[in-house]
Structures are given as structure tokens and as C-alpha cells.
Amino acid sequence: MRVTYYPGCSLEGTARDYADSIHGVCEAMGVELQEVPDWNCCGATAAHSIDHQASVDLPGRNLELAGEVGNSDMLVPCPLCFNRLKSAVHEIEKGSEGFRTRLGLFTPKIWDLANFFATDKMLEKIASSVKNPLDGLEVVSYYGCMASRPPSVTGEPNYENPQSIDRIVKTLGATGMDWAYKTECCGASLMVSRPDVGFKMVAKILDMAKRVGAQAIVVSCQMCQLNLDMYQERIEAETGKVFGLPIVYFTELIGIAAGLPGASDTLSRHFVDPVPTLRKYLGCAATRHPGEPGPDPGRPE
Amino acid sequence: MEQTALTPDFSFLERAEASGPFNAAECFQCRKCTNGCPASFEMDLMPDQIIRLAVLGQRHEILQSKTIWICASCETCSTRCPNGVRIAELMDYFKEVAVRSGVAPALPRVAGFHQAFLGNIRHTGRVFEGALLPAWWLKTGQIGEKLRTGELRNDLKQALGLLGKKRMPLAPGKIKERSKIKAILRSSR
């Protein structure tokens, strides 16, 4: 199937590992991604905080372009981009004035990536592709805010207890554990602008994941990933607690369970190394880190 | 308890609601917004107090509060409000009013980050993460402090970490119709 794809800026930057993982999995699942031509930044938190008009018209331009592509569905991996695109549709459709955006007759259905992969049809595809079931892997699914809230914009029925990532990890053979912080806020850009505040918010999430006994946190949001992963060592140093929690994308787990070639390549691009936790599912060819010596041909195993 | 006289200015909320609606007058002070707020620990006014002050037209208190800038826009409050008050959206409205009317923000670095972000996309159409933080440090005068506290070393270490993991772009991704982005952001402050 062919779908329209809006990657968003960070998938070209700090989340290029997520982008690589998404492309690998989509190719294997027969999902052809057609990028919105000449797409622009959705404006993110900055626009909706201090320039409401731009917060509609920046994603609005992308919606106009996406309408011209013509596929019925558009996949959006970044939950904030997803939320801003949905918000713009919401604002334009209610007939608000003062915006430049002119939606054409056709606008594709906008999908949060995890929700797309959690549809029955995609779960069937995922189930039939599993070669290395993730038996014994106990994880918590962490959704963050923007794919769920506010439900009047996102259309998410289970906004307090989302299920998409949980359904995916279960299909892969792993156990999605119950926990209360699925949709707790990671602090988003406060992590940069007020690290003292952001650190507290993330510490709470890491601490709870550790307390329920999770081996890893599975995410679909690249901002949550960065906040929970890159700063984890510093938060450990500040709180005196040891978390050691790998923060993995659900697409990485799909790739590993399906035994896709190169599925483990993105793991070395995390800050908290997920390989020790996932090693037994990787198969022998996939476990090598760049720079790590390969199997020694001169020495029999 | 000390009591002071207060003169409500109802036109303040009327103007806000014309840009919304945010349904602030529906608030019956259940405090569900405040109790669910993940960032309330750093706020000087609780979210329900902001709503009450908005109803009473206390512009000054609201626009000069830390609260509007600490709000992370997680939307928990708006989602859970039993009366459909769009609290997070109202916080955004206040941030924009503060910036447009030149009220000095209680947290200039947070406000400055949003401004640096929009400045970053104004010319290229997409965020260039490699330049965003340095531009923000310059804008909010943090370089000296960062050198003094050694924080700059942490930041550089992190940037190098991202670079080593092939997660840091070295050149901005420019779009073709940059003039449209400039036009959309023309009135941004």
C-alpha cells in the first residue's frame, strides 16, 4: 500500500535513527512511504505558544501539499507534528477566520504512526513477520502527551490509557506491563529551557518504570525518546538513582522480532545501550556494534 | 487572612474568549486541572487560580506569572476539565498576549526559546537543530554564564555525542517555498 509520509524536522536531525528504523519496517511490511513534497516545520510548541496564526498556517501549508499527493492516508511519526496537523484541520474545519490555509476538497486521514501499526490489518502483517519472538521481554509502553491529548483534536478514544504500543509489543511476543505513567508529560522543550524542571519530570517517569520492573521503555515519540535517553545519565547523577533503562522505538522492536537485515543498526545510536537487554533476540549476525570486532574466523566457536 | 479590594475587568476575558473560545467562565473551581498538572511544582499560580484571575480580569498577575511559561502544553488539564475549559490553550493565549504587548516574561529564557525556534525556521522552513541552541544562548545572554558554570562543557559533550551517533545534522534542510514561511511568520514577535 502507498501512503503519504510527513517525517517532521527532528526525523532529519536528532531522530534520524527513528527515521531509519521506520523506513526499514515499512519496506518490510509493504508500506510505501511517499513524502509530502517540500514540507515545512509544523511550528511545534513555539508557534502554538506565541503565534496562534502560524500554529495553524505552518501545518496548514503541509496539509495543502498533502492533499495534492492524493493518497488516502498520511503517516506522522512525531506526535507533536501529528497533533499540530490535526489541530490545524480542527481549526480550519470549524470555520475560524484570519488564516491563510485553504484546504482543498481532499485532505488525507492523518495517522499517529503507532496507531497505524496497531490497526488489525497491520498487526496481522506484524504477527506473520515475527521470526524472533520477544519472549520474556518485559517492557512498559510510554506514549507521552501529543498522540492522545486533547481527544477532541486527536480522536484518541483511550486517551488516559492508550493501547497501540501495548498491542504491538504483545504481537511481538513481549509483555507490556501495566503502569500509571503512560501519558505523563516528559517536559518536552522544558528539558532545554528549564532543565531543572524537565529533569524532575523525567526522573519521575524513569523511577516508576524501574519500580514496576520494566527492562526497557518502548516509545513512539522521538522527543520523549531524547528526553528519557540522552539525559538519563545526568539524571542518575543528580538523583543518585540508577535506572539503566533503554528507551527503544516500537519500530526497532518490530524490526528485531521480524529479523530484518540491519534492524539492530539503530541500537548503537542510543545513549543507554539497549543491546544487553535485547541481545538474545538479535541473532548472531545482528549483535555487532560498529567498531566492535566481528567474529574471529581463525578461532572456532 | 488579609483581604484586599479587587476591581474586576470583565473586558479582559471577553477579548480572550473572542480569540477562543476557552470557556473560562464555566470553571466551578474543582481544581482537577491543578491536581493533574505535572509541572505545578514549579508554578507560582496554580492553573485553577489562573482561570479565576482571568475571569476577574487580572491581566497583570497572569501575564507576569511564571505559570504561563512553565506550562508544558501537555493538555492534561484541558482533557480532564469537566466543564470544557480549554486551560492549556488559554495559557498559550496569555503567552502570546504577553509577547505581543511587550510584557517582560517572568521566565525570559523559556519565552526566548520559543522566539529562537521560530527565528530558526523563518529563513529555511525547517528546524536546524545544530543552530537552535547556540542562537537561543546568544539571544538570552547565556554564553557567559555557561562558561562560568562549566555547563557549556556538558552541552558540547551532548552535541558531540549526538554527532557521533549520526543524530546531529550539519546543514539546515531548506525548503523551496521559503517565502511562504516568511510570510506566515511575518507578524511573529
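These exercises walk through the two chains of a predicted model, each with a worked solution.

Before starting, note that residues are numbered from 1 along each chain as its sequence is written, and chains are lettered from A in the order in which they are written. Because the model is predicted, local features need pLDDT of at least 70 and side-chain atom pairs count only at pLDDT 80 or more, while totals for chains, interfaces and linings use all residues.

**Exercise 1. Take stock of the two chains**

Work out how many helices and strands chain A has, and how many chain B has.

Step 1. Helices (H or I, at least four residues) and strands (E, at least two) are DSSP runs, numbered from the N terminus.

Step 2. Chain A has 14 helices and eight strands. Its radius of gyration, taken over C-alpha atoms, is 20 Å, close to the 19 Å of the globule rule (2.2 Å times the number of residues to the power 0.38) for 301 residues, so chain A is as compact as a globular protein of that length. The C-alpha trace of chain A spans about 70 × 45 × 35 Å along its principal axes.

Step 3. Chain B has twelve helices and zero strands. Its C-alpha atoms fill a box of roughly 55 × 40 × 30 Å along the principal axes.

**Exercise 2. Lay out the sheets of chain A**

Find the strand order of each four-stranded sheet in chain A and name its edge strands.

Step 1. Strands of a sheet pair through backbone hydrogen bonds, either parallel or antiparallel. Here two strands pair if DSSP finds at least two bridges between them.

Step 2. One open sheet has the order 2-1-3-4 with parallel pairing. Strand 2 (32-35) and strand 4 (109-112) are its edge strands, each pairing on one side only. Ignoring direction, neighbouring strands of this sheet are turned by 40° against each other on average.

Step 3. Within that sheet, strand 1 (residues 2-5) and strand 3 (residues 73-76) pair over two bridges, and Thr4(A) stands opposite Met74(A).

Step 4. Another open sheet has the order 6-5-7-8, again with parallel pairing. Strand 6 (175-176) and strand 8 (247-249) each have a single partner strand, so one side of each is left without a neighbour in the sheet.

Step 5. Strand 5 (residues 138-142) and strand 7 (residues 216-219) pair over four bridges, with Ile217(A) as the bridge partner of Val140(A).

**Exercise 3. Place helix 4 of chain A**

Describe how helix 4 of chain A sits against helix 3 and against the strands.

Step 1. Two packed helices are described by the angle between their axes and the distance between the axes. Axes are lines fitted to C-alpha atoms, for helices over the stretch in contact, and angles run from 0 to 180 degrees between N-to-C directions.

Step 2. The axes of helix 3 (residues 52-69) and helix 4 (residues 79-93) come within 8 Å and cross at roughly 100°. The two helices are therefore roughly perpendicular (65 to 115 degrees) to each other.

Step 3. Residues are in contact if their C-beta atoms, placed from the backbone, lie within 7 Å. Helix 3 brings residues including Val56(A), Pro59(A) and Leu63(A), and helix 4 brings residues including Leu85(A), Ala88(A) and Ile92(A).

Step 4. This contact has seven nonpolar, three polar and two charged residues. Ala, Val, Leu, Ile, Met, Phe, Trp, Tyr, Cys and Pro count as nonpolar, Asp, Glu, Lys and Arg as charged, and the others, Gly among them, as polar.

Step 5. Helix 4 also lies across strand 3 and strand 4, running at about 155° to strand 4.

**Exercise 4. Follow the contacts between domains and chains**

Identify which helix of chain A gives the most to the side of domain 1 that touches domain 2, and which helix gives the largest share of the side that touches chain B.

Step 1. Chain A is divided into domain 1 (2-115) and domain 2 (132-286), with bounds from an automatic or database domain assignment. Their C-alpha centres lie 23 Å apart.

Step 2. The contact takes 25 residues from domain 1 and 28 residues from domain 2 of chain A. Helix 1 of chain A gives the most to the domain 1 side, with eight residues.

Step 3. Between the chains, the contact takes 43 residues from chain A and 46 residues from chain B. Helix 2 of chain A gives the largest share of the chain A side, seven residues. By class, that side has 20 nonpolar, ten polar and 13 charged residues.

Key:
Angles under 35 degrees count as roughly parallel, over 145 as roughly antiparallel, 65 to 115 as roughly perpendicular and the rest as oblique. Two residues are in contact if their C-beta atoms, placed from the backbone, lie within 7 Å.
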